[in-house]
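Here is a short exchange between a student reader and an author. Please look at the sequence and the structure first.

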Amino acid sequence: MPANQELASTLSDMARMMELLGEDSFRAAAHSRAARAIEGLAGDIETIAADRGALLAIEGIGAKMADKIIEFCTTGVIKEHADLRARVPEGLLSVLEVPGLGPKTVRAMWQQLGITSRDGLARAIEDGSLLTLPRMGEKAVAKIRDALTFAAAAGQRTWLGKARPVADVFIDRLRSLAGVERVEAAGSLRRGRETIGDVDILVGMAADAPPAATLAVGEVFRTTPGVTHVLAAGDSKSSVMFSIDASQGRWQPTPNPEKGESLPPPPPGGPAIQVDLRVLPASVYGAALMYFTGSKEHNVRLRERAIARGMTLNEWGLFPDTHKDLGPPQSRGVTPIAAATEEDVFRALDLPWIPPEVREDRGELDHPRPWALVDLADIKAELHAHTTASDGVFTIEQLAAEARRRGFHTIAVTDHSQSSTIAGGLRPDRLRRHIDAVREANERTEGITILAGSEVDILADGRLDYDDDLLASLDVVVASAHAALTQDPATATRRLLAAVTHPLVHILGHPTGRLVIRRPGLSPDMSEIFAAAREHNVAMEINAHWMRLDLRDIHVRAAVEAGCLIAIDCDVHEGADFDNLRFGVQTARRGWVTADRCINTWPARRLHAWLRAKGRGGQ
DNA sequence: GCCGTTTTCGGCCCGACTGTTTTCAGTCG
């Protein structure tokens, strides 16, 4: 595990153990906050920690936390973490992950009943001893039993590309119901995070809609085909489990039984994701949408800002006082300053509308206004696509026709190189013939430019998979690492630097080779890679496939700050891959990419000139 | 444990919902 991630997870574990031990909750929260801050860093924590001042400059990290981080970076452990682990049973943290169980309840289970694992909890349910806990009745126990059954699925996050279609099923179904004015997905899905915990659907009802219409929305929601279980069914709030397709496309794991490998068992009831519904008046939709879009940390910042201006912000609107001792303002008849639209609420807080993707408490409230992030409609070129020559399903012409249909002015044919044998990589002679075929197709085709390229392997030692003469005959060179993805960071850094500094490389394809949830990939020193990419005028790819999303959001942000160009590519193998573009664009937006910074938005003339300049003494 | 256009000490976001209770504790987002 990369050091940043390991430190973040250590601090996060410490926070949860402190909660279980009943220690000061603000102290625990401070550790959680520090963990998040570390997770959001693009730079290597071990480098940063060499300068104590740099650590202290990170928001949420003070003197004591800095010492713990330095201790981690120099010794590999934090003594306090070990002390906490000695006091908290191993399996207790997994009990805390069961939905609906919080630190207070789990602590009571542990202290009063000796429960230290999910198995122990299940036994206490069956023998009835759980009922002896204070405030624990039949219904509460039934809920926990249910949650335990679904914990395997519910505790797991899933891929953005798996969750989005689920949201669309519900949105399409609810949109046309009587009284429904607005339907949208909120939460991490709207923010475009690479993994999704549950899907949040928000429905805004017209002012004249009768109460029955609201109830009908809930009913239709809960009876949607694909719903396997109803978790909650209130008037304005419902939760269900919805079955999802577990396939992982061309990355489907293929275990080798001879080596004793097997797939993990599916969770009981099959793979599923939780979907939550909230129904509210359209007159407060904006405030509610902000609230349910989050992130939680972003919301906290906004509320603090509201308080500093003598106002209160909640999901019902922005209110002109802070008398919280008198009860919620909306139930005291106080008229909100703003509530109907997000724009209204932001404006009343002296802010421009903030795109959902950047609402992560990473400085977005201090951004010089207004926001002008790259948009889906800005993308006019696809620079990474495969044909039947290697492992794609389209011929050159079919690929070009599909790209033209989607409004692109340029499509680059970049089949695999010889070392990617499993993917049907092209030997040099085949590539030469393929280049000729692409050029001929380009001559015959109207309305789009077809470029001859290659996705050339970066070999383990940093050499490219074709010689320079062959590479120089291509219009586009995407250099990608496909093998040896478990190299140590220093070796990986040298390897990728060799590719980025190669004079004929245009784009560094899926730079780390990570797969979301599945595989960590390389962990080179990204700041070195970005500095070299800027100097050598190489674009860093955001691979739009939801399994990859590589570069990831925080690296995109660092690349932008380093002055790099960004490419957003679908890595097309089949038609559906074009549809992943929205995930790539969302990831770019999460990294604060403007349209001008993204080469896929450039007009044909500018893009083609940039490509030609490489390797011919230009730039 | 962090942090400061109210504060270097004393705060730290806010409301809905649920299930348990006769006024509230815990969890969630």
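Strands, cores and loops

Reader: How many bridges join strand 12 to strand 13?
Author: Strand 12 covers residues 449-457 and strand 13 covers residues 476-480. Helices (H or I, at least four residues) and strands (E, at least two) are DSSP runs, numbered from the N terminus, and two strands pair if DSSP finds at least two bridges between them. Strand 12 and strand 13 run parallel, and the number of bridges joining them is 5.

Reader: What should I know about the model and its numbering?
Author: This is a predicted model, in which local features need pLDDT of at least 70 and side-chain atom pairs count only at pLDDT 80 or more, while totals for chains, interfaces and linings use all residues. Residues are numbered from 1 along each chain as its sequence is written, chains are lettered from A and ligands numbered from 1 in the order in which they are written, and side-chain values use heavy atoms, leaving out hydrogens and water.

Reader: Which residue is the bridge partner of Asp457 in strand 13?
Author: Strands of a sheet pair through backbone hydrogen bonds, either parallel or antiparallel. Asp457 has its bridge partner in strand 13, and that partner is Ser480.

Reader: Which strands stand at the edges of the open sheet of 7 strands?
Author: The order of this sheet is 10-11-12-13-14-15-16, with parallel pairing. An edge strand has a single partner strand, so one side of it is left without a neighbour in the sheet. The edges are strand 10 (381-385) and strand 16 (565-569).

Reader: How many residues are in the largest nonpolar core?
Author: A nonpolar core is a set of buried Ala, Val, Leu, Ile, Met, Phe, Trp, Tyr and Cys residues joined through side-chain atoms within 4.5 Å. Buried means under 20% relative accessible area, exposed over 50%, and partly exposed in between (1.4 Å probe, protein chains only). Ile411, Ile450, Leu508, Met540, Ile566 and Ile568 touch the most other members of the largest core. Its number of residues is 65.

Reader: How many residues are in the other core?
Author: This core lies apart from the largest one. Among its residues are Ile38, Cys73, Val88 and Ala147. The number of residues is 49.

Reader: Is Leu549 buried or exposed?
Author: Leu549 lies in the loop between strand 15 and helix 22. Leu549 has a positive phi of about 40 degrees although it is not a glycine. With a relative accessible area of 1%, Leu549 is buried.

Reader: What is the relative accessible area of Ala484?
Author: Ala484 also has a positive phi, of about 50 degrees, and is not a glycine. Its place is in the loop between strand 13 and helix 20 (489-500). Ala484 is partly exposed, and its relative accessible area is 35%.

Reader: Where is Leu551, which a cis peptide bond joins to Asp550?
Author: The bond between Asp550 and Leu551 is cis, with omega about 10 degrees. Leu551 is in the loop between strand 15 (539-543) and helix 22 (553-561).

Reader: How many residues of helix 23 are buried?
Author: Helix 23 (residues 581-590) is mostly covered. What covers its buried residues includes helix 11 (160-175), helix 12 (187-191), strand 15, helix 22 and strand 16, where contact means heavy atoms within 4.5 Å. Of its 10 residues, the number buried is 9.
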